[in-house]
Amino acid sequence: MRRTIIAAAVTAALAATVTIWGTQAQAAPTDPTSGLTQYTDTYKVQHPYNLPESARFSITNGEYNTWILKGDKPFSPGSSTGARTEMRWATNWSSGEHLWEADVLIDPGTTGTCIMQVHVNGPGEAIYIQTKNGNLYNSVDTLLATNIVGAWFHLASAYNPTTHLVQIWVNNRLALTTHYTKPAGTAFYFKNGVYNLNGAKSETHFKNIQLWHQ
């Protein structure tokens with residue numbers, strides 16, 4: 001099932017105990033969307049293939065709830081990938097800056113789990129944000145923020161295939177600037193939800209999702 005989302009204004013509840021890392025993390029908050037234009041998109045939920053969507057995904061009072069359990073199947077028979085419940089946004093893009101943002105709540109016990117990706121239309125990710133042991137990382141070991149589980153925070157992720165620029169903000173403070181290079185014309189798209197887990201259950205909630213482009 002494919003759905004359309006038109007985002008409301010962002011009203012992030014910031015977690016006071018979160019410590020944000022990165023060279024500009026202690027600077028004043030900034031607006032990651034400055035100079036960008038908001039757009040609407042549709043999404044399709046990827047979930048364990050042997051279960052109905054409602055067994056791992058729900059929407060309550062504007063919150064998008066995604067969860068997986070240990071032992072869950074992948075999203076298609078024969079796939080070698082891990083368990084997931086992810087909102088796969090429909091738009092593929094190959095040039096210009098695109099930004100995804102939302103208020104996010106990661107439930108306690110969620111670890112070894114990716115919550116947001118800028119995925120290549122093929123193998124690879126420009127952005128792979130995951131939670132491990134209560135902290136937030138990009139890829140395997142690039143620390144973005146600590147004490148991130150159990151309270152709402154605001155997350156924004158941007159990638160520009162033209163300049164190869166990657167940027168991630170936590171609570172509107174820049175936590176990471178780096179580069180990711182793929183051949184010209186490579187298509188990218190946004191995903192958010194839960195992918196893989198080290199514990200018995202991983203669950204993450206999203207609200208006020210907004211999408212932007214140049």
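1. Two strands count as paired if DSSP finds at least two bridges between them, where strands (E, at least two residues) and helices (H or I, at least four) are DSSP runs numbered from the N terminus. Here strand S5 (residues 57-60) runs antiparallel to S6, and 4 bridges join the two. Ile-59 has Tyr-64 as its bridge partner in S6. The two strands make a hairpin with 2 residues between them, and Asn-61 in the turn has a positive phi of about 50 degrees.

2. A quick word on the basis: this is a predicted model, in which local features need pLDDT of at least 70 and side-chain atom pairs count only at pLDDT 80 or more, while totals for chains, interfaces and linings use all residues. Residues are numbered from 1 along each chain as its sequence is written, and side-chain values use heavy atoms, leaving out hydrogens and water.

3. Now to the rings. The whole structure holds 9 aromatic pairs (rings of Phe, Tyr and Trp, the last by its six-membered ring, with centres within 6.5 Å; planes under 30 degrees apart are stacked, over 60 edge-to-face, the rest tilted). One of them is Tyr-43 with Tyr-64, edge-to-face at 6.2 Å centre to centre and 90 degrees between the planes. This pair links strand S4 (residues 41-46), home of Tyr-43, to strand S6 (residues 63-69), home of Tyr-64, across 21 residues. Both Tyr-43 and Tyr-64 are buried (under 20% relative accessible area with a 1.4 Å probe, protein chains only; exposed is over 50%, partly exposed in between).

4. Do look at Trp-93 and Phe-190 too: their ring centres are 5.2 Å apart with planes at 50 degrees, so the pair is tilted. Trp-93 lies in the loop between strand S7 (84-89) and strand S8 (98-106) and Phe-190 in strand S16 (residues 188-195), so the pair ties together parts 97 residues apart in sequence. Trp-93 and Phe-190 are both buried, and they form one aromatic cluster with Tyr-159, Tyr-180 and Phe-188.

5. Two charges sit over rings (NZ of Lys or CZ of Arg within 6 Å of the ring centre and within 35 degrees of the ring normal). Arg-88 places its charged end over Tyr-189, 3.5 Å from the ring centre; Lys-132 does so over Tyr-137, at 4.5 Å.

6. Finally, the largest nonpolar core (buried Ala, Val, Leu, Ile, Met, Phe, Trp, Tyr and Cys joined through side-chain atoms within 4.5 Å) has 39 residues, of which Trp-100, Leu-136, Leu-155 and Val-170 touch the most other members. Apart from it lies another core of 7 residues, including Leu-36 and Trp-169.
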